[in-house]
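Here are some exercises to try with the model open on your screen. Have a go at each task before you read the solution below it.

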Amino acid sequence: MPMLNTITLRCCPRSERARARCAAWLAVGLASLLSASAAIASAGIAPAATGRFAVGCSNVEQDFTRLRAGESGPDYWEGNPLSDGSHYVTDLLVSPANALSYSVAVPTLAQIDVFEKQGGKQLPYVAIACYPTTATNTRADYALPSGIRGAEMQLCGAGPWTTANPDSSDGKWPLMMLSHGLAGSPLGDDYVQVIARMAAEGYVVFAPFHADARYSRIKLNTINDYFYVFSRYPEIAEMQAIGPLGLKQGLDYFLGKPEYASTIDRDQIVGFGASLGGMAMMLVQGAVMTTSWGGAERTIVRDNRYKAVVGYVPFSGYSFFPAFGDSNQGVQGVASPVSVSVALRTWWLRSAVPRR
């Protein structure tokens, strides 16, 4: 298969035409990576090849002895409802103060009428960041319950063990914001490997745990689940709208941490999202989303800092109920100079993305 080429994945040039070429190559490279060794139905991601750089990651150490019978780490990473309600990865963290933790401020219902339940709240968010490090990094890998080992993890109280970018005059790295899909997490077997691979190719990668199940029922297994979707769609729309808030405010938070911000080229920020994460990437760019069965449309947030965005099979609704307003024309409002959508069955969304 075509491997990820360092020629285009390390930066997005500043000129309009060059950015367009960069985004196109970024889309092709990511698509080939994500589809290799994978079943399309599950978007299984298992890149085996290593990149140019060794990789280090932020602290996400967890105490899995806290799990009760029948529970799993992914239940907490994804926010799945348990016997006593929904939980989050914060319940497992060994050292929350040393993890990348922030609060997402949700607009009130009066400000944006999508947020009927969560409006005005401060929602806890956690993220993992991975970055190019030195070959001499002696920090231990981190073993996940699945047996997959994460890259060298920062110890409690220690800062990131970064290295200078040899391809940049100022030594700084491009930043990739990565948004996982519905019922996923950055530590899921697929995503954690992609995050590490992107860092190995020369990105600082920031990936939040959206834990969508904290806000809405997300698994459709019975007829009652489908009835729930039709009768409680505002709750689902609210869940979809929280994702871009987590990205926007997560980027604010990350760039506000000097130990990371000093290594990042703020003019080289890109985004990658899969499935519902692809939708979130469009929404954080200012795309209009459908918020009710009646066809109401809203812009949730707009972040102009991205230079390119890639959606891998981004969720875009259905032919009878598009996710981005009437005929999915809401994507015309994306703020990024270049927006590329890689999709299989959502060709009609791709055709609506503005040509820059």
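**Exercise 1. Find the loop that holds Asn-80, and decide whether Asn-80 is buried or exposed.**

Solution. Keep in mind that this is a predicted model.
- Step 1: look between helix H3 (73–77) and strand S2 (81–82), since the loop there contains Asn-80.
- Step 2: check its relative accessibility, which is 6%. The cut-off for buried is under 20%, so Asn-80 counts as buried.
- Step 3: see what is around Asn-80. Leaving aside neighbours within four places in sequence, its contacts are Pro-74, Asp-75, Gly-85, Ser-86, His-87, Ala-213 and Lys-219.

**Exercise 2. Work out which residues point which way from strand S14, and where its bridge partners lie.**

Solution.
- Step 1: recall the general pattern. In a regular strand, side chains alternate between the two faces of the sheet.
- Step 2: apply it to S14. Ala-308, Val-310 and Tyr-312 point one way, while Val-309 and Gly-311 point the other way.
- Step 3: ask about burial. In S14 (residues 308–312), 5 of the 5 residues are buried, so the rest of the structure largely encloses this strand.
- Step 4: find the pairing. Strand S11 (residues 264–274) runs parallel to S14, with 5 bridges between them. One of these matches Phe-272 with Val-310 in S14.

**Exercise 3. Look for residues other than glycine with a positive phi, and say how exposed they are.**

Solution.
- Step 1: know what to expect. Most residues other than glycine have a negative phi.
- Step 2: take Ala-183, in the loop between strand S9 (173–179) and helix H4 (189–200). Ala-183 isn't a glycine, yet its phi is positive, about 60°. With a relative accessible area of 34%, Ala-183 is partly exposed.
- Step 3: take Ser-275, in the loop between S11 and H8. Here phi is about 55°, again positive in a residue that is not a glycine. Ser-275 has 33% relative accessibility, so it counts as partly exposed.

**Exercise 4. Follow helix H8 and say how well it is covered.**

Solution.
- Step 1: go to residues 276–284, which make up H8.
- Step 2: count the buried residues: 9 of its 9, so to speak a full score. Among them are Leu-276, Met-281, Met-282 and Val-284.
- Step 3: step just past the end of H8, where Gly-286 has a positive phi of about 105°.

**Exercise 5. Describe the second largest cavity: its volume, its lining and which helix gives the most to that lining.**

Solution.
- Step 1: think about the method. Rolling a probe the size of a water molecule over the atoms shows where empty space is left.
- Step 2: get the count and the volume. There are 2 cavities of 30 Å³ or more, and the second largest has a volume of about 80 Å³.
- Step 3: pick out the lining, which includes Ser-179, His-180, His-210, Asp-212, Met-239, Gln-240 and Gly-243.
- Step 4: find the helices. Helix H6 (233–255) and H8 each supply at least two lining residues, and H8 gives the most, with 5 residues.
- Step 5: sort the lining by class, and you get 5 nonpolar, 6 polar and 1 charged residues.

**Exercise 6. Sum up the protein chain as a whole: how many helices and strands does it have?**

Solution.
- Step 1: count the elements, and you reach 9 helices and 17 strands.
- Step 2: add burial: 57% of the 356 residues count as buried.

Key:
Residues numbered from 1 in each chain as written. Predicted model: local features only at pLDDT ≥ 70, side-chain atom pairs only at ≥ 80, totals over all residues. Heavy atoms only, no water. Buried < 20%, exposed > 50% of the residue type's maximum accessible area, 1.4 Å probe, protein only. Helix = DSSP H or I, 4+ residues; strand = E, 2+ residues; numbered from the N terminus. Pairing = 2+ DSSP bridges. 1 Å grid on protein atoms, 1.4 Å probe; cavity = no way out; pocket = protein on both sides within 12 Å on 5 of 7 lines; lining within 4 Å. Points joined across faces, edges and corners; volume = space filled by probe spheres on them. Nonpolar A, V, L, I, M, F, W, Y, C, P; charged D, E, K, R; others polar. Contact = heavy atoms within 4.5 Å.
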